[in-house]
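Here are a few short exercises to work through with the structure on your screen. Try each task yourself before you read its solution.

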Amino acid sequence: MYLSLHDVSQEDRPAHVSKKIFAIVLSFTTAAPYHPCETVHIPHLTAQESFAASSSKVFSVVFYPKEPIPATFNVSAVFATEDGVTCYTHLPPVEVLFEDLMHPAPEVLGAFTTYLTVDKFM
């Protein structure tokens, strides 16, 4: 996953909207039977960084289901602006589909099965 901050032109930007945010904490919650997710902490983010591949804020979240069922995770963020104002917002939900819960067969297993044969006893 990645987090980006969209820049708004100076004319369209309300006075309270910041071009930099700090101390970002992302929380993931669901009503589905999953173990709680750890929060994600990102030190800072700027609109300019959001579009530079070398400095994008890429992160991973591991979802541990208690049962193999799909889920929708609500995502919320708490962060501070350049002015020191603390903000809270909801982000678009993250969908975990049934096929996301399936692991591909490991390569080792595929290589191992090429050496297995079934012989008939005579």
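**Exercise 1. Find the neighbours of one serine**

Which residues does serine 76 touch, not counting residues up to four places away in sequence?

Step 1. Select serine 76 and leave out everything up to four places away in sequence; the residues it touches are then Val25, Leu26, Ser27, Tyr88, Thr89 and His90. Keep in mind that you are looking at a predicted model.

Step 2. Now take one of these partners, serine 27. Serine 76 and serine 27 are 49 residues apart in sequence, yet their C-alpha atoms are 5.3 Å apart in space.

Step 3. Place serine 76 in its element: the residue lies in strand S5, which covers residues 71–81.

**Exercise 2. Judge the exposure**

Is serine 76 buried or exposed?

Step 1. Look up the relative accessible area of serine 76, which is 13%.

Step 2. Compare this with the cut-off: a residue counts as buried when the value is under 20%. Serine 76 is therefore buried, because its relative accessible area is 13%.

Step 3. Set this beside the whole chain, where 27% of the 122 residues count as buried.

**Exercise 3. Draw the sheet**

What is the order of the strands in the open sheet of four strands, and which strands stand at the edges?

Step 1. Write down the order S3-S2-S5-S6 and mark the pairing as antiparallel.

Step 2. Look at the ends of your drawing. Strand S3 (40–46) and strand S6 (86–96) each have a single partner strand, so one side of each has no neighbour in the sheet.

Step 3. Add the twist: on average, neighbouring strands of this sheet are turned by 25 degrees against each other, direction ignored.

**Exercise 4. Follow one strand pair**

How many bridges join S5 and S6, and which residues of S6 are the bridge partners of threonine 72 and phenylalanine 73?

Step 1. Count along the antiparallel pair S5 and S6, and you reach nine bridges.

Step 2. Pick out two of them: threonine 72 has glutamate 95 as its bridge partner in S6, while phenylalanine 73 has valine 94.

Step 3. Go to the hairpin of S5 and S6. Four residues lie between the strands, and glycine 84 takes a positive phi near 85 degrees.

**Exercise 5. Step back**

What pattern does the protein follow along its sequence?

Step 1. Collect the elements: there are two helices and six strands.

Step 2. Read them in sequence order, which gives β-β-β-α-β-β-β-α.

Notes. Residues numbered from 1 in each chain as written. Predicted model: local features only at pLDDT ≥ 70, side-chain atom pairs only at ≥ 80, totals over all residues. Heavy atoms only, no water. Buried < 20%, exposed > 50% of the residue type's maximum accessible area, 1.4 Å probe, protein only. Contact = heavy atoms within 4.5 Å. Pairing = 2+ DSSP bridges. Axes fitted to C-alpha atoms, helices over the stretch in contact; angles between N-to-C directions.
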